[in-house]
Amino acid sequence: MKRYQGLTIVTGRTFGPLIIDQVEIDDSQAKSPKEEWQKFSDAKNELSRELEQRSKDESLTSETAAIFEAHQLMLEDPEFIEEIKRHIESGLAYEKAVLQAAQDFSDMMSAIEDEYMQARAADIRDIAQQLITKQDLDVAGKIVLKDEIFPSEVIEYSKAGAKGFLSLKGSATSHASILAKNAGLPFITNLPPEVMTLSGTVYLDEDLMVDLSEAELAEFNQALQRDEATRQRLAKLIDQPGHTADGVKRQVSTNISSLDDLLQALELGAEGVALFRTEFLFMQPTLPTREEQKELYRSLAKALNGKSFIIRTMDLGGDKVNRELDSGPEDNPFLGLRGIRLSFDKIQVFKRQLKAILEVASEYPIKMMFPMVTNLEDVYQVKEILAQAEAELKDEGRAYETPMLGVMIEVPSALALMKEFSDEVDFVSFGTNDLLQYTTASDRMNSRVSRWYDPYQPAFLRLIARSLEDAKGLHVGMCGDLAADELLIPFWSAIGFEELGVPAARILKTKQILLETRSRDQAEWVDYVLSAKTSQEVIERLRRD
Ligand code: PEP
Ligand code: MG
């Protein structure tokens, strides 16, 4: 077997005949500029009509419709059209003129070191391809390989029954990638150019594979059968609320950074959002306005349709920086002005975000939580700023509502303040990614200390379990990655975590594990796990070995 690795955008096991899509341009002599211009105008009008029709297709998600609308705007861009005209007048056939103009524009955009601009550059190349005549490919049941797969092709080919996509160029944030994720079709990009010489049947898992031996093929087919059986078993849980075998409700929510994440998670049975990481909004070159924030928070709340929605205020600092909000170099940024501390330092930006959340909370049920809270004074200070934001909204005559408030438990000192928090806020959410790194003094991104960044250490689990004994009256959730840890899920449930925030792809598995778990009368097992002395012993006891 030969394996080719690339950037796997959508993982999925599948196979099929490979079909290579190559753009072929009619190389015959250009006619007069007037005739070429006429051909271009006809093609443009037809595409414009098509795009308008597509953007109105009610079966599309708002995100996909927005891509078509953006394409329509690009198609009407006077500078783009002017450039095409210039090339036609210099004697090029319209197809070449379109491709040349698109290349110039996309080179200009790609030169800007920003993933967003690079993705938009791909959109303009996509428009160009749609303007020139394309070969009609029969992609049904096949895996499509192309130098670069465009958004319109993901839509067209998935409708036509393609089983997966491969390409040489692409990025995780491109529109084509977003659409492939939405369609749930396997997609690997950034493959080496030599794959263009492949033919026959290809196989996909995390990678692209060819030339499987008989034994490898048999193994692949067995894995496919197992996938299908698991899929069918888990799909039954999509609409089921999370609960344990003994009927204890355990909400399986998700963690998101965008509307796209949310839509995917809802399709996979998310019962709410345990964490919306808003800082990504603040990591763009220009800070978001209040109106822009409101629009996004609203669109998420609308999509959630009443399901619980926790917005975390901007958690910048550490590795998440914005040039405008940067408060200078620090020797230890993860121990520096991070999370709520930076928000206190950039109070106007923080207050703007609070106001946006408070306004949307008057329209939709929203909860708001604060990152990196270390002591009770942090909570008092948040409340003071919140009161100022409310007073200002009142003066502005805006409708607002104070949402339910929560703090993240991700600094060890916060573990010892549960009683005090229960007097001040409505809920807590454990951020285990940071809680573990601060408890064990092991940088979560430094592989040299990953041995110490160990969630199965009895000390770590004891600290969490003890803190929950004081959390009476608080809704207790978890939004760190450990919420999806298969070994720990039964333990979290047994010690009282009511909500687990997990990535979309882990929702059904988490529901399944909970269903196989008992939550009542587990004190003896919990004590048994916690009395282990080493990580290995904890693992054995979690497995109930
Ligand atoms: C955490 O620390 O567990 C958490 C959820 O926050 P982040 O990963 O965004 O720091
Ligand atoms: Mg954190």
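This passage walks through the domains, the ligand site, some strand pairing and the aromatic pairs of a predicted model.

In this predicted model, local features need pLDDT of at least 70 and side-chain atom pairs count only at pLDDT 80 or more, while totals for chains, interfaces and linings use all residues. Residues are numbered from 1 along each chain as its sequence is written, chains are lettered from A and ligands numbered from 1 in the order in which they are written, and side-chain values use heavy atoms, with hydrogens and water left out.

The protein is assigned domain 1 (2-210) and domain 2 (236-542), with bounds that come from an automatic or database domain assignment. Taken over C-alpha atoms, the centres of domain 1 and domain 2 are 38 Å apart.

Turning to the ligand, 15 residues surround ligand 1, and Arg277, Arg312, Gly431, Asn433 and Arg444 come nearest; a residue is near if one of its heavy atoms lies within 4 Å of the molecule. Sorted by class, this shell holds eight charged, four polar and three nonpolar residues. Here Ala, Val, Leu, Ile, Met, Phe, Trp, Tyr, Cys and Pro count as nonpolar, Asp, Glu, Lys and Arg as charged, and the others, Gly among them, as polar.

Polar contacts (pairs of N or O atoms within 3.5 Å) can be followed from the ligand outwards. The side chain of Arg277 places an N or O atom 2.8 Å from an oxygen atom of ligand 1, and a polar side-chain atom of Asp434 lies 2.9 Å from an oxygen atom of ligand 1. For Thr432, a polar backbone atom is 3.1 Å from an oxygen atom of the ligand. Ligand 1 taken alone exposes 290 Å², of which the protein buries 98% (accessible areas by the Shrake-Rupley method with a 1.4 Å probe). Strand S10 (272-277) and helix H16 (432-440) are the elements that give two or more residues to the shell, and H16 gives the most, with three residues. Helices (H or I, at least four residues) and strands (E, at least two) are DSSP runs, numbered from the N terminus.

Elsewhere, strand S3 (residues 14-21) pairs with strand S7 (residues 201-204) in the antiparallel sense over four bridges, with Pro17 opposite Thr201. S3 also pairs with strand S4 (residues 143-148), in the parallel sense over four bridges, and there Leu18 has Ile143 as its bridge partner. Strands pair if DSSP finds at least two bridges between them.Finally, the model has 13 aromatic pairs (Phe, Tyr or six-membered Trp rings, centres within 6.5 Å; planes under 30 degrees apart stacked, over 60 edge-to-face, the rest tilted). Among them, Phe15 and Phe220 are edge-to-face, 6.3 Å centre to centre with 85° between the planes.

How values were computed
A polar contact is a pair of N or O atoms within 3.5 Å; within protein, one must be able to donate a hydrogen and the other to accept it, and residues adjacent in sequence count only if both atoms are side-chain atoms.
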